[in-house]
Amino acid sequence: MITSDEPAELGRELHKRYTAADLSVLTSEEASRFVPDGVGDPQADVTLAWELLYRLEPELYDRLISSEHLHPQLIDWLPRSVDRIVEVGAGTGRLTMELLDRGREVLAIEPAAGLRRILTSKLARSDLRHRARVSPGFFDDLPVPDDFADLVVACSAFTPAAGHGGEDGLAEMERVCRPGGRVAIIWPKDVDWLLHRDYQYRSFAGQMSMEFGSLGEAIELAGIFYPRAVDEVRRRGSRRVPYQLLGVNPPRDVAFKVMPG
Ligand SMILES: C[S@@+](CC[C@H](N)C(=O)[O-])C[C@H]1O[C@@H](n2cnc3c(N)ncnc32)[C@H](O)[C@@H]1O
């Protein structure tokens, strides 16, 4: 059953949303990482389409991740009462907001200006806002001294690709983590790549669903981000959509390393 809150028409799918002309939104630092040889096609390269989404429609990205909650046991697994936390690729703060009562100082690093703006306004509404700082920066060049943090974390942001972390990015995360501290890659894209670099792995069990605000929101956002699932989302008629149906690994796992003392 479809309720009256279903949108009149579906938005354009992510992989058709932007063109090469939109790459002009990237700063030179961003372009050197995301389109290193100067050419790219966001209709052929979905990673590039996501980068354009963050810059051209950051509110749309925030709507999507507001439906995508991290597994509660994964959040419980994070250390409590530490001095300093660095989060890289913080986005609009899905994880950052959870870190505020765990670290006395939380540095959220995020390259995309539009995402930083949304994160900054969310933080401004928190009672713990005095603990947080937001900074531009990239995995491979963190604006942070050596051995700075007890926890260095990235959520749904780090990948083995050079522009999105890679060897240099992992080395940077480890550089800014103090001996005995933890580097954590939450919802990792390539677990084996991290296991080969002495990371451990944990996954938390249980059925997980995306929890959209309404059925209409579920249909609209599935139409953009999971177009192959949209008919099934409609047929089920629920604002809750199991990750399995979307063909996505749920946000329930972490690869981590305790830095040697
Ligand atoms: C899928 S979003 C995740 C955002 C947020 N951590 C969350 O869980 O909602 C990926 C994030 O990685 C950031 N990112 C991409 N490449 C990056 C890089 N080279 N250095 C730092 N952050 C990067 C993007 O700007 C974006 O905020």
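**View 1. Residues surrounding the ligand in the predicted model.** The ligand is surrounded by 21 residues, each with a heavy atom within 4 Å of the ligand. The closest are Gly89, Arg94, Glu110, Cys155 and Gly163. By class, 11 of the shell residues are nonpolar (Ala, Val, Leu, Ile, Met, Phe, Trp, Tyr, Cys and Pro), 4 are charged (Asp, Glu, Lys and Arg) and 6 are polar (the others, Gly among them). Helix H3 (46-56) and strand S1 (82-88) each contribute at least two residues to this shell; helices (H or I, at least four residues) and strands (E, at least two) are DSSP runs, numbered from the N terminus. Residues are numbered from 1 along each chain as its sequence is written. In this predicted model, local features need pLDDT of at least 70 and side-chain atom pairs count only at pLDDT 80 or more, while totals for chains, interfaces and linings use all residues; side-chain values use heavy atoms, without hydrogens and water.

**View 2. Polar contacts of the ligand.** Polar contacts are pairs of N or O atoms within 3.5 Å. Polar side-chain atoms of Arg94 and Tyr61 lie 2.9 Å and 3.0 Å, respectively, from an oxygen atom of the ligand. A polar backbone atom of Phe139 is 3.0 Å from a nitrogen atom of the ligand. Taken alone, the ligand exposes 590 Å², of which the protein buries 97% (Shrake-Rupley method, 1.4 Å probe).

**View 3. Surroundings of Arg116.** Arg116 belongs to helix H7 (residues 113-124). The side chain of Arg116 reaches the backbone oxygen of Glu110 at 2.8 Å. Leaving aside residues up to four places away in sequence, Arg116 touches Glu110, Pro111, Val134, Ser135 and Pro136 (heavy atoms within 4.5 Å).

Methods
Polar contact = N/O pair within 3.5 Å; in protein donor to acceptor, adjacent residues only side chain to side chain.
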